[in-house]
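User: I am new to this structure and would like a close look at one part of it. Please take it slowly and explain each term as it comes up.
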Amino acid sequence: MDLGLKGKKAIVCAASKGLGRACALSLAREGVELVITARTASELEKTAAEISKETGVKVTPVAGDISTEAGRAAALAACPAPDILVNNAGGPPPGDFRDWEREDWIKAIDANMLAPIFLIKAVVDGMCERKFGRIVNITSASVKSPIPVLGMSNGARAGLTGFVAGLARQVARHNVLINNLLPGPFLTDRLRSGAAHEAGKRNVPVDEVIAERAKATPTGRVGDPAEFGDACAFLCSAKIGFIVGHNLLLDGGAFNSSIA
Ligand code: NAP
């Protein structure tokens with residue numbers, strides 16, 4: 001299927017590695033011109049060059065912290081009128097809520113709730129005027145099924161989800177469609193570091209923890225970031241005109257429910 005995205009412009013946040021990178025690559029394969037962000041300039045530039053080489057599209061790396069106003073301004077300066085916005089940032093650390101102070105919570109809310117909201121605020125009215133916009137927020141399966149050790153992630157992402165549910169219904173009439181992608185376990189650095197945290201606590205090898213995560217999904221494996229990227233490209237496509245405010249869970253069936 002031709003997703004109808006050739007020549008569109010996208011900002012993909014937090015995209016030097018992992019799920020963000022996979023989303024950028026899948027969009028580039030559809031002919032979307034990209035601005036990608038991450039904090040570490042060297043890694044980001046390498047990723048931009050790789051994606052551009054493989055797909056032939058223009059990929060502009062903009063280094064910066066997307067949870068800050070300066071980081072967002074730099075991305076928007078490089079692409080002031082995107083057709084597509086993929087919101088993403090690193091996830092908050094695991095731990096016990098008794099150890100978290102106000103500043104810890106503010107960091108999580110800045111990265112996983114307010115950064116996407118302020119980027120949406122910057123681009124959504126232009127999308128409405130141009131009668132095309134696709135916004136995908138990368139959240140987490142923890143929005144549907146909280147992970148106790150990731151309390152800050154559960155909380156901040158729930159806030160974003162609530163906001164987006166309302167806004168998505170205000171802008172849909174302009175062909176501006178906002179949806180969320182909820183990753184379960186995908187094999188990225190984030191999954192490896194979470195598994196390492198747990199492995200350390202239980203004094204077992206990291207691979208054992210990853211194998212347990214794989215076994216816990218009906219597919220018997222963890223997700224491949226490329227699968228996530230392709231789902232993102234689909235949610236950004238010109239073909240999804242009637243999909244509004246969804247929370248699409250990509251977890252290999254781990255969430256046990258008659259209606260996912
Ligand atoms: P990852 O492999 O660790 O990659 C994170 C990417 O985001 C890197 O490119 C990183 O580059 C960039 N980044 C992090 N913080 C940033 C910031 N403040 N500003 C700009 N760029 C930033 O992580 P991932 O697995 O792809 O996870 C992506 C998101 O999905 C996270 O929020 C994570 O919690 C969530 N998630 C992942 C899974 C999973 O299984 N992988 C499951 C549920 C939820 P720099 O460090 O150089 O900035």
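What do the buried residues of H8 pack against?

Analyst: This is a predicted model, in which local features need pLDDT of at least 70 and side-chain atom pairs count only at pLDDT 80 or more, while totals for chains, interfaces and linings use all residues. Residues are numbered from 1 along each chain as its sequence is written, and side-chain values use heavy atoms, with hydrogens and water left out.

Helix H8 spans residues 225-235, and its buried residues are Pro225, Phe228, Gly229, Ala231, Cys232, Ala233 and Leu235. Here buried means a relative accessible area under 20%, exposed means over 50%, and partly exposed is in between, using a 1.4 Å probe and protein chains only. Helices (H or I, at least four residues) and strands (E, at least two) are DSSP runs, numbered from the N terminus. The partners of these buried residues are helix H1 (18-29) together with four strands, S4 (84-87), S5 (133-138), S6 (176-183) and S7 (247-250).

Several of these elements return in the largest nonpolar core, a nonpolar core being a set of buried Ala, Val, Leu, Ile, Met, Phe, Trp, Tyr and Cys residues joined through side-chain atoms within 4.5 Å. The largest one has 36 residues, and those with the most contacts inside it are Val12, Leu27, Leu34, Ile36 and Val86. At least two of its residues come from each of strand S1 (9-12), H1, strand S2 (33-38), helix H2 (41-55), S4, S5, S6 and H8, with H1 giving the largest share, six residues. Val86 shows the packing at one position: leaving out residues up to four places away in sequence, Val86 touches Ile11, Val12, Cys13, Cys23, Leu27, Val136, Ile138, Cys232 and Cys236, where contact means heavy atoms within 4.5 Å. Cys232, one of the residues touched by Val86, is also one of the buried residues of H8. Another core, of 26 residues, lies apart from the largest one and includes Leu76, Ala111, Ile135 and Val176. In soluble globular proteins, nonpolar side chains tend to be buried together.

H1, one of the packing partners of H8, leads on to the ligand, since H1 and helix H6 (189-202) each supply at least two residues of the shell around the ligand. H6 gives the most to this shell, with three residues. In total, 27 residues surround the ligand, and the closest are Ser16, Leu19, Thr40, Ala89 and Thr188; a residue is near a molecule if one of its heavy atoms lies within 4 Å of it. By class, the shell holds 10 nonpolar, 11 polar and six charged residues, where Ala, Val, Leu, Ile, Met, Phe, Trp, Tyr, Cys and Pro count as nonpolar, Asp, Glu, Lys and Arg as charged, and the others, Gly among them, as polar. An N or O atom in the side chain of Ser16 is 2.6 Å from an oxygen atom of the ligand, whereas it is a backbone N or O atom of Leu19 that lies 2.7 Å from a ligand oxygen and a backbone N or O atom of Ala89 that lies 2.6 Å from one. The protein covers 90% of the 880 Å² of accessible area that the ligand has on its own, with areas taken from the Shrake-Rupley method and a 1.4 Å probe.

The loop between H7 and H8 brings us back to the helix you asked about, and Thr217 is found there. Thr217 counts as buried because its relative accessible area is 6%. Its side chain makes a polar contact of 2.7 Å with the side chain of Thr219; a polar contact is a pair of N or O atoms within 3.5 Å, and within protein one must be able to donate a hydrogen and the other to accept it, while residues adjacent in sequence count only if both atoms are side-chain atoms. Leaving aside neighbours within four places in sequence, Thr217 is in contact with Pro185, Asp251, Gly252 and Ala254. Thr217 and Asp251 are 34 residues apart in sequence, and their C-alpha atoms are 7.1 Å apart in space.
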